[in-house]
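I opened this entry to keep track of what I looked up in the structure. My notes follow in the order I took them.

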Amino acid sequence: MSSGLTFLYGEIYKRSAQEWHTGIHYAKYIQKKFFASYARNWCNKARPKAEELQVKTDPHSLPKARINEQIKQQPGFKKVYQCKDGSE
């Protein structure tokens, strides 16, 4: 799990829950926007050969793995989007 993503979400959650006294629906909206913005940051499109080359030559994960694997580990994501236990 990404400690950076966990830390950032914790800060957003605290602010949306404590400082923005505009209701629970707005707090959830802000939290959903956080995850959408994080995913959008890594959004890309690549041809299969380019992805294959990246896997072989770049030590970093592909962007889709950085999103899918990171976010599905976040308890905050599961809570905001009401994911059932064991779902991916």
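**Confidence.** I am working from a predicted model, so I looked up pLDDT before anything else. The chain has an average pLDDT of 80, and 83% of its residues score at least 70. I then went through the elements. Helix H3 (residues 48-57) has the highest mean pLDDT, 94, and helix H1 (residues 3-19) has the lowest, 70. A reminder to myself: predicted coordinates should not be read in detail where pLDDT is low.

**Fold and surface.** I listed the secondary structure and got five helices and zero strands. Read from the N terminus, the order is α-α-α-α-α. Of the 88 residues in the chain, 19% are buried. I noted an exposed area of about 6900 Å² for the chain, with 55% of it supplied by carbon and sulfur atoms. I also looked at contacts with a separation of 6 or more: 61% of them join residues 24 or more positions apart.

**Aromatic pairs.** How many aromatic pairs are there? I counted three, taking ring centres within 6.5 Å as the cut-off. For Phe 35 and Phe 77 I noted ring centres 5.3 Å apart and planes at 85°. Planes over 60 degrees apart count as edge-to-face, so this pair is edge-to-face. The pair links distant parts of the chain: Phe 35 sits in helix H2 (residues 24-41) and Phe 77 in helix H5 (residues 75-80), 42 residues apart.

Are the two rings' residues buried or exposed? Phe 35 has a relative accessible area of 2%, so I entered Phe 35 as buried. Phe 77 is at 21%, and because buried means under 20%, Phe 77 goes down as partly exposed.

Phe 77 also pairs with Tyr 81. Here I noted 4.8 Å from centre to centre and 40° between the planes, a tilted pair. Tyr 81 is partly exposed too, at 34% relative accessibility. I then put the aromatic residues together: Phe 34, Phe 35, Phe 77 and Tyr 81 form one cluster.

**Backbone at Gln 82.** Which residue other than glycine did I note for a positive phi? Gln 82, with phi near 55°. As background, most residues other than glycine have a negative phi. Gln 82 lies in the segment after H5. Its relative accessibility is 62%, and the cut-off for exposed is over 50%, so I entered Gln 82 as exposed.

Technical notes: Residues numbered from 1 in each chain as written. Predicted model: local features only at pLDDT ≥ 70, side-chain atom pairs only at ≥ 80, totals over all residues. Heavy atoms only, no water. Phe/Tyr/Trp six-rings, centres within 6.5 Å; stacked < 30°, edge-to-face > 60°. Helix = DSSP H or I, 4+ residues; strand = E, 2+ residues; numbered from the N terminus. Buried < 20%, exposed > 50% of the residue type's maximum accessible area, 1.4 Å probe, protein only. pLDDT = per-residue confidence, 0-100. Contact = heavy atoms within 4.5 Å. Areas by Shrake-Rupley, 256 points an atom, 1.4 Å probe, with all protein chains shown as cover.
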